[in-house]
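Reader: Please choose one part of this model and take me through it closely, with the cut-offs behind each term. I would like the neighbouring parts brought in wherever they touch on it.

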Amino acid sequence: MTTEEAMTGIQQARDLVAAVYVSSAVAPFTPQELLELLRRARRDNEAAGITGMLLYRSGNFIQTIEGPAAAVDTLLKRIACDPRRTATLRASPASAIFYAGSKKGRRPAKMPASR
Ligand SMILES: Cc1cc2nc3c(=O)[nH]c(=O)nc-3n(C[C@H](O)[C@H](O)[C@H](O)COP(=O)(O)O)c2cc1C
């Protein structure tokens, strides 16, 4: 790796942000609606260099979005306008990304028994 390549890598790493938010669906999503949401999100996130994860249970979402600051900002604004959910959105600088290479999969989560 040349010094120039290393500097480019450092610059890109500085530009990364991660956002985590919790959000409630205005109306419960059907499995079909969830699949469609995931299908579009996967496609558009990949094109924008965004990685992350999305969990849904009982009408609530938790989502992590990470990637280039401008792309994350644009996506957060789009999601904030999505009439299917309500949310408080917050973005913070990230020193590392955790979901690189992962694609959002669909797997019903087993919840621990409540105490
Ligand atoms: C909980 C939730 C999470 C979403 N996550 C993403 C996402 O990660 N990537 C994405 O492109 N769209 C995501 N969307 C969909 C966007 O809100 C929006 O509908 C989509 O980007 C299409 O926007 P457009 O109709 O303005 O083109 C999400 C929607 C909801 C309700």
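Author: What follows is a close look at one strand, its partners and its surroundings.

The model is a predicted one, in which local features need pLDDT of at least 70 and side-chain atom pairs count only at pLDDT 80 or more, while totals for chains, interfaces and linings use all residues. Residues are numbered from 1 along each chain as its sequence is written. The protein has 3 helices and 5 strands, which run α-β-α-β-β-α-β-β from the N terminus on; helices (H or I, at least four residues) and strands (E, at least two) are DSSP runs, numbered from the N terminus.

The part I have chosen is strand E3, residues 60–68. Two strands count as paired if DSSP finds at least two bridges between them, and E3 meets this with strand E2 (residues 51–57), to which 7 bridges join it in the antiparallel sense. Gly52, for instance, has Ile65 as its bridge partner in E3, and Leu55 is matched there by Ile62. E3 also pairs with E1, again antiparallel, over 9 bridges, one of which sets Val17 against Gly67 of E3. As general background, the side chains of a regular strand alternate between the two faces of the sheet.

The connection from E2 to E3 is a hairpin with 2 residues between the strands. In that loop lies Ser58, whose phi is positive, about 50 degrees, although the residue is not a glycine. The background here is that most residues other than glycine have a negative phi. Ser58 is exposed because 8 other C-beta atoms lie within 10 Å of its own; on this scale, with C-beta atoms placed from the backbone, 20 or more such neighbours make a residue buried, 12 or fewer exposed, and a number in between partly exposed. Over the whole protein of 115 residues, 14% count as buried.

Ile65 of E3, the partner of Gly52, returns in the largest nonpolar core, whose 7 residues are Val17, Ala18, Ala19, Ile50, Ile65, Val72 and Leu75. Such a core is a set of buried Ala, Val, Leu, Ile, Met, Phe, Trp, Tyr and Cys residues joined through C-beta atoms within 7 Å. Strand E1 (16–25) and helix H3 each supply at least two of the core residues, and E1 gives the most, with 3.

At the C-terminal end of the strand, Gly67 and Pro68 are touched by Gly49, which also touches Ala71, not counting residues up to four places away in sequence; contact here asks for C-beta atoms, placed from the backbone, within 7 Å. Gly49 sits in the loop between H2 and E2 and is partly exposed because it has 14 C-beta neighbours inside 10 Å. Its C-alpha atom is 7.7 Å from that of Ala71, 22 residues away along the chain. Across the protein, 69% of the contacts with a separation of 6 or more join residues 24 or more positions apart.

E3 is also involved with the ligand, since helix H2 (31–48), E3 and helix H3 (69–81) each supply at least two residues of the shell around it, and H2 gives the most, with 4 residues. A residue belongs near the ligand if its C-beta atom, placed from the backbone, lies within 6 Å. There are 15 residues in these surroundings, and Ala41, Asp44, Phe61, Ile79 and Asp82 are the closest. By class the shell has 7 nonpolar, 3 polar and 5 charged residues, where Ala, Val, Leu, Ile, Met, Phe, Trp, Tyr, Cys and Pro count as nonpolar, Asp, Glu, Lys and Arg as charged, and the others, Gly among them, as polar. In helix H3 lies Ala80, which is partly exposed because 14 other C-beta atoms lie within 10 Å; the C-alpha atoms of Ala80 and Ser23, 57 residues apart along the chain, are separated by 9.9 Å.

A word on confidence closes the account. The mean pLDDT, the predictor's confidence in each residue from 0 to 100, is 81 for the protein, and 69% of the residues reach 70 or more. Helix H2 has the highest confidence, at a mean of 95, and strand E5 (residues 91–93) the lowest, at 59. Where pLDDT is low, predicted coordinates should not be read in detail.

Note on methods
Contact = placed C-beta atoms within 7 Å.
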